Amino acid sequence: MEKLGLNEIRELFLSFYESKEHYRRQSFSLIPEKDKSLLIINSGMAPLKPYFAGLETPPSKRMTTCQKCIRTGDIENVGYTSRHGTFFEMLGSFSFGDYFKEESLTWGWEFITKVLKMPTDKLWATVYENDDQAYDIWKNVIGMPEERIVRLGKDDNFWEIGTGPCGPCSEIYYDRGEKYGCGSPDCKPGCECDRYVEFWNHVFTQFSRDEEGNYTDLAHPNIDTGMGIERLACIMQGVDSIFDIDTIQYVLEGVVKVSGVEYRHGEAETDVSIRIITDHLRSMTFMIGDSILPGNEGRGYVLRRLIRRAARHGRLLGIEGPFLSDLCDRVIDVSGKAYPELEERRVMIKKVVSVEEEKFASTIDQGMKIINGHIDDLKADGSTVLDGKKAFKLHDTYGFPIDLTREILEESGFTVDLDGFRAAMEEQKIRSKVEQEMEGAGWDEATASIKFDKDTEFTGYDTMVQNSTVTAVFRDNEIIDSAASGDTCLIALDKTPFYAESGGQACDTGLIYNDDFAAEVMDVSKFQNIFAHKVVVNKGSVTAGSEVICMPHAPTRNRTAANHTATHLLHKALREILGDHVKQAGSSVTKDGLRFDFNHFQGMTDEEIKQVENIVNDKISHFIDVETKVMPIEEAFDEGATALFGEKYGDTVRVVSIGNFSKELCGGTHVKNSGQIGAFKILSEAGIASGVRRIEAVTGIGILNKYIEDESLISHTAEALKSNRDNMIDKSASLVDEVKALKKEIEELKKAEMSKGLGNLIDEAADINGIRLITKQFEDYNINDLRGLSDQIKADSKNAAMVFAAVTGGKVTFLVSLTDDLVEQGFHAGKMIKEIAAAAGGGGGGKADIAQAGAKDPSKIAAAFDKARELLS
């Protein structure tokens, strides 16, 4: 049997099945495209479920893939065993109603014996106990000796998940030899020892199971085979551990080199950390390569957990500073040819890891101190469970994923109250949650409980003037008979052209009127299918049944629509410039401008902002038609429409397309042509949360308004500088230089004054048991001034204790400074200042020789000086 590298094995497998007329497809993304039941792709067949279920037509009835997969269900075993990993690749061959058992097994046998040249006497097969057909194929078609064909029960050789398609399976095993066995004469596949390794499973999906447990034959049975390439590589390379196969070993060697710690193949405790880092490097590289970014929920949380777990184990190995980013290169080097997206996104992958690692580095030391403190407290109290609220604080303040906290505790024999943690997490969510559907025009639980006879039909996509009938008038959570001039109330209509605030777009305003009645619409909100129009009645009165005309304010609607369409252009432009990992994380669209939040790992450069602006303005200048269509959601996805992550959609959706440039699911209002936007200008770009950036921008008349605002600012600034527009910059620079010079002069005068009074300070020092106590109150001096003064005194003095107070803006800053000989006698400035500052309503701390503190009450400075005398007495 020839020793083959992992990359060679992958290519041999895919090429072999191509020769059997299988469609060779590149691995699907780790992000499930349409399967909401999965967070991350975790098996070779997971992306193919729509084909197996008959929901979609496959590109071919025969397919082969090598699918990248992530599984974290047994992450606690990674590093501690030779075979567990969070990332793996699954080789697969599939038939959708084409060939069946005989072809699947005979081709499989051909591949492992003719292509891989595995010795036939080392190979065994298992079949489901009642599957005589598979048994016969192994025995009579392939020619495997009967003693190496093992029948196993349903738990081992029958694949089913609840109801629906299911069937028996046949697994192929490799015999590693007697030295791995248990010594039993009956040792064979199915035994719990390590002698026989299952490496290829052939699933024959031929039945459908109903809710009563009955099985019926499928009209078109399928084949689904799966073979973990890492396990196969272990066999082909004659190694016992996945960490010893060529590609993974290359990554591991990088960890060893950076850490300077020898890898002893599972014989040393440090091997656990080396293996964990090695495995997690593979996972994080592939996840980011598929546009997954670190976050606090879902896939982002999985990635953050892996990066921070690896970073922590780096600390355990003694690695100082960030190191994961550079090691990602090794993963890309060995896997980039098979997965070109890794090479294409090398820079982005490394940057995301670097940013996340640096964020965690800023809190890991403090967080570890707190965890160790909790462990000490648990030991002292004789307890074994950490309070859930404390674990939540570690998560919320120091960025420790709960799984990492639990792992660290378990290493010392403790656990965490997970229910308490979840309760603390839920409390925070409840505190921050805003019931958007009920806010705005007075919706609350009581109002929402009102029963309305008829839903509101929204007509605002097609018309700006609508004849309507008032279906209800209500106020203060109650239906009322009527509202008269001067009243503020809520009106429900059978039809409305007024857009209700939703999806980040502000509502319409305008008029509702008839010959005898007029009201100004101030706000529109929607709950379920009722539009509530908050109005101020200016004329006459209104009752349920009144016939009215509705007219939104056209300039407001048009400007809002322009800004909304601009957000779609902006979204697409960001993805083109920054990468397709960019996803919308929120938005706000009003008549005055737009705010767009998006996932990205670092601030945009000036050049990137300029490029995005140029793309959007180019699309505006081309006057591209904007089209809206209502279609089934599956059809929308097939056409490449972008959806908001976490948003819930119905079976039918509205798709907004801007030519061939942008296509998004959206229920908002838009312009008919991109040229109606006029122009686009980004005002600011900033971070608002971890991994989330925000752009604020204006369009059309908003740019003109911003220009007028800036013109006014420039004029007032020129006036204040006593300058004209042309030399404002020079005048400003000159004033800055002048201010710097004056500040420097003031500092020098301060130092001179302090030095001048230095002798007096020392002469006036109080003698307390042989210690000279120097106290002084300063006005408008900063802490650095006080430190400088104390250094001067300490340079020429012994047995001196200085207690200074600086008063600035009604607040006090205390400084306690001790000469070295006092420190040697056991005095401690940090301990002294706590009591001194407390006398003035403050607190602080510091080192033995110098410490500082703040206080709120300048009138208590004398009392603080008295406390200093008391402490030295």
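In the predicted model, helices H7 and H8 meet through five residues named on each side. Ile-248, Val-251, Leu-252, Val-255 and Val-256 belong to H7. Their counterparts in H8 are Ile-274, Ile-277, Thr-278, Leu-281 and Arg-282. By class, the residues of this contact comprise eight nonpolar, one polar and one charged. Two packed helices are described by the angle between their axes and the distance between the axes. Here H7 spans residues 246-259 and H8 spans residues 270-289. The packing angle is about 120 degrees, and the axes lie 9 Å apart. Angles from 65 to 115 degrees count as roughly perpendicular and those over 145 as roughly antiparallel. The two helices are therefore oblique to each other. The crossing of H7 past H8 is right-handed.

Further along the chain numbering, an open sheet is built from four strands. Their order is S23-S24-S29-S28, with antiparallel pairing. The edges are held by S23 (584-589) and S28 (680-689). Each edge strand has a single partner, so one of its sides is left without a neighbour in the sheet. On average, neighbouring strands are turned by 15 degrees against each other, direction ignored.

The pairings within the sheet can be taken in turn. S23 and S24 are antiparallel and share five bridges. They form a hairpin, with four residues between the strands. In this pairing, Gly-586 is bridged to Asp-597 of S24. S24 (residues 594-599) also pairs with S29 (residues 692-699), again in the antiparallel sense. Six bridges join S24 to S29. Phe-596 has Ile-695 of S29 as its bridge partner. In a regular strand the side chains alternate between the two faces of the sheet.

A helix accompanies this sheet. H20, covering residues 701-721, lies across S28 and S29. Its direction makes an angle of about 90 degrees with S29.

Aromatic contacts were searched over the whole structure, and 25 pairs were found. A pair of aromatic rings is described by the distance of the centres and the angle of the planes. One of the pairs joins Phe-16 and Phe-111, with 5.4 Å between the ring centres. The planes stand at 50 degrees, and the pair is classed as tilted. Phe-16 lies in helix H1 (residues 6-19), and Phe-111 lies in helix H3 (residues 101-115). The two residues are 95 residues apart, and the pair links distant parts of the chain.

How values were computed:
Residues are numbered from 1 along each chain as its sequence is written. This is a predicted model: local features need pLDDT of at least 70, side-chain atom pairs count only at pLDDT 80 or more; totals for chains, interfaces and linings use all residues. Side-chain values use heavy atoms; hydrogens and water are left out. Axes are lines fitted to C-alpha atoms, for helices over the stretch in contact, and angles run from 0 to 180 degrees between N-to-C directions. Angles under 35 degrees count as roughly parallel, over 145 as roughly antiparallel, 65 to 115 as roughly perpendicular and the rest as oblique. A crossing is left-handed if the near helix is turned anticlockwise from the far one by less than a right angle, and right-handed if clockwise. Contact means heavy atoms within 4.5 Å. Ala, Val, Leu, Ile, Met, Phe, Trp, Tyr, Cys and Pro count as nonpolar, Asp, Glu, Lys and Arg as charged, and the others, Gly among them, as polar. Two strands pair if DSSP finds at least two bridges between them. Rings of Phe, Tyr and Trp (its six-membered ring) pair if their centres lie within 6.5 Å; planes under 30 degrees apart count as stacked, over 60 as edge-to-face and the rest as tilted.
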